[in-house]
Structure formats: structure tokens, C-alpha cells
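User: I'd like to learn how to read a new structure. Could you walk me through this one, feature by feature?

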Amino acid sequence: MKFSELFCPTLREVPSEAETISHQLLLRAGYIRKAGAGIYSYLPLAHRVLRKIEAIVREEMDRSGGQEVLMPIIQPRELWEQTGRWDVYGEEMFRLIDRHQRYFALGPTHEEIITSLVDGDVHSYRDLPLLLYQIQNKYRDEIRPRFGLMRGREFIMKDLYSFDMDEEGLDVSYRKMYAAYNRIFQRLKLHYRVVEADSGAIGGNESHEFMVLADTGEDEIVFCEAGDFAANVDKAACVFSDDGPHEDRQALQKIHTPEMRTIRDLVEFTGQPEQRQVKTLMYYADGQLVAAILRGDRDLNEIKFKNLLGCQELHMADDASVRAAVGAGFGSLGPVGLDVKVYADLEIAGMRNFTCGANEDDYHYTNVNPERDFVPEEYVDIRNAVAGDPCPSCGKPLLTARGIEVGHIFKLGVKYSQAMNATVLDQHGQAVPMVMGCYGIGISRTMAAAIEQNHDDNGIVWPLPIAPFQVIIVPVNAKKEDQMETALSLYVEMQERGLEVLLDDRDERAGVKFKDADLIGIPVRITVGPKALQDNQVEVKKRWENEVFNVAIAQVTDTVVEIIRQR
Ligand code: ATP
Ligand code: MG
């Protein structure tokens, strides 16, 4: 491809709307343009990168027994009603109405469609296992579309669904996908970690996320350097053993705390650190008011709490209804004498003489002690894990890191097949629901994640397997015939060797061309300049190194092939 013909509108300025590096660079380097919030066009360079990621994903899916299909994006409401998700999916689902007033969803995911498809034509255990996948746009009306391709409302996903006759079959399919995903992210040359993920209160019991490590990641993961424990904080278990020496229980005291609403206010007012305060949070779980209490410096993990309660819907209670039920506002709540079910974080059991609200505005209790002053419904793990917590398997302190979720695999079990009555006949002629798994990779998000992890001050530094072109040839002065001739003959020669080459034939200053080559991130740059040319040489530079070295023109194609092979 000649640069003069390439549609690659680079920008000099950093676009103001872009907060993350990948978003900035994708816009600046002419890869994407925004059409609406969370909706983007992919320009030629981006399209090439996407095709490369997809090719690797396809190869590994096919190699694992997957068969590619393409299912509809427009999905009839009736299918979603069979699983109850037409109502449950909520506002993230784009819905549309046809001329006959019939409702449809724009596919956010494809469990319903594929389960009905497979159910229609698969009747016997002999037809299983079946692994079907597609690579296609997905639609989700995210509350906060942001960071460019990271969280779009239209994005590209590979989704595979496995159908087996029983749990053992699902285990095999799951392990195949687990291995395939590892191969994919290794081949993409990304630095990633597999973590245990939350799989929700219903559905399957096993789930893993593939996280590309980057400081800008939206997810937080905890991991143990000593072993192989790694989990999303959403899921990471907090262990607590109440074996420490306990201080003596002091007499319960009610104190006047005018205008003291927050933990910070109370730390100042009482002189007691956050670790000696307890906060009380009120939630509605399927319409029922419940309380969660935890140490003042801890954060409630809503996912753990929801799974524990086993409810469909969990949301924070509003001040007015809490006041109506308890007689006090948010800043003055506590477990003592509270007339709703109280779930206490595990740590609470080991706390002595703490401070908490008295369920009366402007009053708190100090020297509160569990069991003596209140008895919770249960002591449960409902807080977020933090760095330094003991590893649940070996006890060593955990570390934390940020990650970008690029892949997610999930055992669904019979959740969808049961709801949709998708059965096969087993060996005994008995109808059994198929056991399913689903396995997603965010293709467009992976492109952004690769940039978050691979860039410098000058632009993108693509991992070789997904670079839009492998080599860029830059004649220093396109008007000089000898330079252009050499550049052109190398261009032809390298193409014949199967290399993907960009020739910067533009009549621009060398500095501009070098800047663009760095910005768009082409791994190998060949410069054809007057000095080296006198000795029948050209300059070679790797995007990820600073040095430039001269190579004889006759050898340069071999050199480039070797650089790519080694990388
Ligand atoms: P998240 O927690 O980031 O919202 P999710 O759990 O909703 O992700 P899945 O339903 O498991 O995501 O989708 C599979 C993959 O699709 C994710 O691992 C991610 O890589 C990608 N993905 C999900 N939502 C988006 C989005 N809004 N924009 C881009 N990619 C996405
Ligand atoms: Mg999501």
C-alpha cells in the first residue's frame, strides 16, 4: 500500500474528548472516528488490525472444534420472553419496533437465539458436543460508554456456545476453551492474567476472565505471587479468622454527635480510627429492606452481597424510605436495636468497642460489641478484597493490579436449555436438557487493550502479530529519483516475500513521515536516505528500540524477515 493512497487522517492535536491513551491514539493516528456516543467507524488501518485479531481467534476456535456461524442481530422478543430476560436485561438492551408493532432486541448476546437454533435441529446425544461461534457486532446501551473502543455501545465480539449432554461434557468443552483462550492471548503477544470471576447467583458455577494488565483497566484484580490464586475483586474471597487477643468489653455508651454524618467526621470527632468505626448500609433486596455492616475503611461488594442474598434485584435504599423505616437518616444508622435483617462482614465478629450510629439523628454508640449489643443474621464475606489481605489458599499477602477484561468464559449449565426446553435424548432414550457454556472475546476492546499496553510518547507500538503493516519504507525525499527507485524496488521485493509493506511516497518532510510512522506504530521502518544510499545501504529501525542500523540493500529483505520471525 502506498501512503499517498491510504485513508489515514492523522491529527496533530490530542482530541479533548479522549481520556485514555488508546482512545487518544486511535483518533490521532487515524484508526477510528466517532459517529455517536460509544459508536465508531473503523478506518482502513483499524480494519486491518481487527482482521488480524479475528484471524487468530478463528484459527484457535476452529482448532478446538468450533464451527463458525452467523446469527441475526435482530432478535424477536418472544425468544427473550422464554428465558425471562426481556424484562430482566433492563436498559442495557436496545429495543426496536417493526411496522406491525412487534418488538425486537438488537443482540447484546446470543444465548436465546442459539439455544432455540440448536434445539430445533439437534435431538440426540450423538450430535453432541456442539461448539458454535460467530464474530459479529453486539449492541449494549451501556450507562457510561467511554474510553473509545473500550466500552462501546456497538462493539465486535467473538462468542462461542458449547452444548453437551452432561456436566462432564461441559468440563471438557470448558477446558478446551480455557486452553484456546490462553493460546489466543499468547499469540496476540499481550501481557495478561486469567482470573476467577463471579458467575452470578444463578447459572453456572465456574467462570474465568482474561485480563490484559494495564493501569487504565476498569477492573481490579487481586493475585498471589506465591501461588496461582488470581481473582477479580468482584469475586475474590476474603478470609478472616477471629483468633486475635480481644480487648475487654467496655460499657455501651450513647454519645451526642451533632452533624456527624460520615466516617471521616466521626474519626475526627471521636479520635478513633476508621478501623474502630462500623458503617451501616441499607439496601432493598427484591423489595425487602436489609442492612449490611462493615468496618469503616472497607467497601461493600454488591456482587457478593447479591449472591449471598440470592435475590433478583439489589439496590441501595433511599434516605426517605430509610428514615421512614428506622427513624434516622443515613449518617446515623447502626446495628444496635435495628429492626431489619443485619448481615455483618466476617471482620465484624472480631471487632470490640467500636463506634456506629444509634438509629437516632445526631447520636452514635461507642463501645459497641457484637453478640452483646446486637446479633446479626449472619457473619458473611461481603467486602472487597484489598492489597495485603491473606491469600485464601496460602495466607501470603495478596497484591492488586488493574486489568482490562478482554475475554470471559462461563459455565451456564442448564439455565437456558431448561428455560427454553432444549433437550436431547440420552443413551436411554430419556430427554435431558443440554448443558451449555459460553465464551466471549471482545475483539474491538482487545485492539484498544493492546494499545494501552503497547505505546510510548510517540505513538502506538503494535505487537507484531496484529500490526496493520509489518514494514514501512520511507524515502527521505520522494522527489529524488534514486531514493524513490530504491524504495519502490524494495517495496516490490518485500511484497513478493509476503511482507505487508507500506511505502511512504508522500512529498512530505522526512520528520513528518517519521512522526507518522511512529504514531501509527508500524514495527519495522526502512529509511532510504542519500548518505547510506551512496554505500548501497538503507537504515533499519525497530519501533520498540531507539537504535538505527545500516543494512546492505541486497540483504535488507532477509533482515526484515528475520526481525519479524524473531519477534
Ligand atoms: P464488562 O464487565 O466489561 O461490562 P461483560 O461481563 O458485560 O463485560 P461479556 O458479556 O462477558 O462482558 O462479554 C464478553 C466480552 O465482550 C468481554 O469480555 C469484553 O471483552 C467484551 N465487551 C463487553 N462489553 C463491551 C463493551 N461495551 N464494549 C466493548 N467490548 C465489550
Ligand atoms: Mg457489561
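Analyst: Sure. Keep in mind that this is a predicted model. Let's take a pair of strands to begin with: strand 18 and strand 19, which covers residues 363–368, pair in the antiparallel sense over three bridges.

User: Which residue stands opposite Phe354?

Analyst: That's Val368, in strand 19.

User: Which strands make up the open sheet, and in what order?

Analyst: Read the sheet across its strands. Here the order is 13-19-18, so to speak a row of three, and the pairing is antiparallel.

User: Which strands are at the edges?

Analyst: An edge strand pairs on one side only, and that describes strand 13 (253–256) and strand 18 (354–357). As for the twist, it averages 30° from one strand to the next.

User: Let's try another spot. How many residues of strand 29 are buried?

Analyst: Burial is about how much of a residue's surface is left accessible, and the cut-off used is under 20% relative accessible area. In strand 29 (residues 524–528), five of the five residues are buried, so by that cut-off the strand is mostly covered.

User: Which way do the residues of strand 29 point?

Analyst: Look at the two faces of the strand. Val524, Ile526 and Val528 point one way, while Arg525 and Thr527 point the other way. Both groups are buried.

User: What does strand 29 pair with, and in which sense, parallel or antiparallel?

Analyst: Two partners are worth finding. Strand 27 (residues 471–475) pairs with strand 29 in the parallel sense, over five bridges; there, Val528 is the bridge partner of Pro475. Strand 30 (residues 537–542) pairs with strand 29 in the antiparallel sense, over four bridges, and Glu539 in strand 30 stands opposite Thr527.

User: Now zoom out. How many helices and strands does the protein chain have?

Analyst: Counting them gives 15 helices and 31 strands. The C-alpha atoms fill a box of roughly 95 × 70 × 50 Å along the principal axes, and buried residues make up 53% of the 567 residues.

User: What share of the contacts links residues 24 or more positions apart?

Analyst: Among contacts with a separation of 6 or more, such pairs account for 68%.

User: And what about the surface and the charges?

Analyst: The protein chain exposes about 25900 Å², with carbon and sulfur atoms supplying 46% of that area. For charges, compare mean positions: those of the 64 positive and 90 negative charges are 4 Å apart.

Notes:
Residues numbered from 1 in each chain as written. Chains lettered and ligands numbered in written order. Predicted model: local features only at pLDDT ≥ 70, side-chain atom pairs only at ≥ 80, totals over all residues. Heavy atoms only, no water. Axes fitted to C-alpha atoms, helices over the stretch in contact; angles between N-to-C directions. Buried < 20%, exposed > 50% of the residue type's maximum accessible area, 1.4 Å probe, protein only. Contact = heavy atoms within 4.5 Å. Areas by Shrake-Rupley, 256 points an atom, 1.4 Å probe, with all protein chains shown as cover. Lys, Arg positive; Asp, Glu negative; His and termini not counted. Charge placed at Lys NZ, Arg CZ, Asp CG, Glu CD.
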